[in-house]
Amino acid sequence: MNHPGHLADAARETRALPTIDGLDLTVAATNVRRDGGDPATFATALAAALDTDPRAGVERVVAFAAVSAWRAGALAYREEALRRIDNLVASGRGEQVARLLGLATASEVSVFVKEQHADRFWWPGRRDARGYVCAVGGFAGLGGTWTAPPTEAYALPEPGAFAIRTADQWWRLDADVWGSRLAPMDLRAKPAPSATATTIVVTEDSYLAWVHVQEAA
Amino acid sequence: MSDRWHKVSASPTTPAHSGGVAQLSADDLFRVPDEQTHIPLDEKLRQTYYWIVNRAVISPYYDIEFSSGAPLVYSLGDAGATLTLPTDPSFSSNVLLPLLTFAVGGKCLMIGGPGRGKTTVAVLMGVLAGGTSDDVRRGVQQGQPQLTISDLVGIPLPRDLIGAASLAEIGIAWRGWLTRPVKIIDEYNRIPTKTQSALLTMVAEGYVESHDQMHKTNPDRGVESWFFTANDDAGGGTFPVIQALRDRMDVTVQAASFNSRFLDELVTRVEAGEKPEEHVPAELIFDADEHARMRAAIRTVPVPEGVRRRLEFFLGHFEFVQHGGRRFEYRTKDTVTTAGGRVAEVIDANTGADLSADIGAQTINGLSVRALQTLIVYAKAMAWFRGADEVSVADVSAMLPFVLRGKLLPNPTHPRFDIGAERELTTDVISWLRDLFDESCQQFEALGREQDDPVRALLAQLDRGLDGVTAVEASRRLTEIESRVRAIASTGKLYGRDFDDLTTLKYLHQRYTAYLAWAARA
């Protein structure tokens, strides 16, 4: 991959945003974009969940929407989504959640959620990707974020948080398996590095920074 | 026919510095975004800014630059000119500064040659406060050599002048412009000195007096802003501006010239006979309540510790001048000036000093408390306008030159202004002031003040209180203070930045000495 993105975010056929009586999903899609997610992924994930649950009531659609927002890369809905998934699986909607997340079976959902609570960068295909999770940044001239390549990076004490330096600017990266957010960071507020199995990889010849998790042998 | 004026942009805003991702709920996912129901005031001010620069005054200048990373810089020509392409939203000072003045209720001096849109910008501010363009235009006070105090403030009622037995019985027909939220004085350097003094009372004290009657210029205690225009701020004009009035200008900003590439728009306006102030979109008008809330919101933007320390370090450079007096505390530029001396000569007389290392030697005066307060307010306004949660060094750096222009005066005999391209700084005061702050921040970093600031640590120690501090501990602190003084003395050099540190150490020494004396008696 030579552009920013998440390896777990396998390409799927884009679906239109479903229409539900009594629920304005366009507002939700707008908020997903506001919170750093991709509205098209949101629509596709939600439509996939509703394929096999066409009579879902408003309450269940709201639950699917919260999970879809997280699946679309909006990090702000991560905790809500994990809670909602537990409830959906408990009420027998594991298959819908699997379709929403792009997992093969309902049993994979339980494994996925369990792993996510311990490791926010886990997904079933990570080992095959040699531990690489996502690439962030990219050259601004090609639609990325940075005008200079990253030269220094390290993990911060908070889960999924990293500090990355490009030229004389520090950035804070917040990320998980589905989404990431880069924001300028005040150099003076830069916290100390933290020891973790997750590292951020930068190379001299790339405008991308890679989140990498050391897989257990 | 479409209304070509009525296009309010969805302004690009600079994201706040990150502190992690706040978690949201499903309710938040379906909540109609605020901007669809009620535009936040900072967004409204940004929309106003973009409407003015894109529609009203045609100002394609971005001299207030912000960059998240290294901006692209191009060298142009063979005389050291560079063009910078910033990475973040950057702004046009001749619109932004008046707009921030409007927001905080400040006083803005706009300078520049005739026909550069100074009065138009000021009138736009009046319209933004809710006045009609005709009323605001009528309220503009045109400076001219015959302007009397009565012309400015109003006249006593003739019937009262005849019938009154005392001054208290004379009613005054006050001029209507006095109580407008936006007050505009055109060409204030053409106003006679006596009338300028009356103006000073209004600007400084918020009231006007005539025939023993007082009239408040801001009776509702709302947000009041002042806009002055002048063709220059270097002493030109029919009458010299009295220093106290000049000092009251919170910011000074230069009007930009017209960019010839935008001639088509100008032709369109001439053909249509339109003025921008007649077409301000209604949704950009700020009512009194919004205006007050906007000012209150700006004041609450925090100035973090790191920014305060850099600002504190910068301010410390300017008051001290070696040979300014005999006693240590009197070695200040103010001592020289108030005694009728020339600061530049005193600086020159200090032959042992390394003038290039002493930033304070580049100025002939120190900074007033008023200027500092203004700088803090405008830095907060800048941060708020950019959508930041707190003031950054970049916000201070952006506002500082406009606040200190005309207040922090360059020392023309300093060697810096004699060297090659640096000579340009004698006429480009804004760049000089910006450079001065950058230089100070570099010194701050080089001295490691962020990590190690013993005087700050000693002050913090005292701030924690003296309750329970034993005589032995107080004596230990006294020894530490003396050791700090010795450390500065041992360098053999004395810079402006040391002056405040040494006076602070003396203050601390006094406090602990007094405490020890009290403890011995108790």
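In this predicted model, one aromatic cluster brings together B:Tyr49, B:Tyr50, B:Phe66, B:Phe91 and B:Phe385. A member of this group, B:Phe66, also has a charged neighbour: B:Arg386 lies over the face of its ring, at 3.6 Å from the ring centre. Chain A offers another such arrangement, with A:Arg71 placed over the face of A:Trp178 at 3.9 Å from the ring centre.

Over all chains, the count of aromatic pairs comes to 26. One of them joins B:Phe313 and B:Phe444, whose ring centres are 5.6 Å apart; the pair is edge-to-face because the planes meet at 70°, over the cut-off of 60. The two partners come from distant parts of the chain, B:Phe313 from helix H13 (residues 305-315) and B:Phe444 from helix H18 (residues 429-446) of chain B, 131 residues apart. B:Phe313 is buried, at 5% relative accessible area, and B:Phe444 is likewise buried, at 2%.

A tilted pair is formed by B:Phe328 and B:Phe499, with 5.2 Å from centre to centre and 40° between the planes. B:Phe328 sits in the loop between H13 and helix H14 (333-338) of chain B, and B:Phe499 in helix H21 (residues 496-521) of chain B, so this contact ties together parts that are 171 residues apart in sequence. Here B:Phe328 is partly exposed, at 25% relative accessibility, whereas B:Phe499 is buried, at 5%.

Turning to empty space, the whole structure contains 3 cavities of 30 Å³ or more. The largest has a volume of about 110 Å³. Its lining comprises 14 residues, with B:Val321, B:Gln322, B:Asn350, B:Asp358 and B:Ala361 nearest the centre. By class, that lining has 7 nonpolar, 5 polar and 2 charged residues.

Technical notes: Residues numbered from 1 in each chain as written. Chains lettered and ligands numbered in written order. Predicted model: local features only at pLDDT ≥ 70, side-chain atom pairs only at ≥ 80, totals over all residues. Heavy atoms only, no water. 1 Å grid on protein atoms, 1.4 Å probe; cavity = no way out; pocket = protein on both sides within 12 Å on 5 of 7 lines; lining within 4 Å. Points joined across faces, edges and corners; volume = space filled by probe spheres on them. Nonpolar A, V, L, I, M, F, W, Y, C, P; charged D, E, K, R; others polar. Phe/Tyr/Trp six-rings, centres within 6.5 Å; stacked < 30°, edge-to-face > 60°. Helix = DSSP H or I, 4+ residues; strand = E, 2+ residues; numbered from the N terminus. Buried < 20%, exposed > 50% of the residue type's maximum accessible area, 1.4 Å probe, protein only. Lys NZ or Arg CZ within 6 Å of the ring centre and 35° of its normal.
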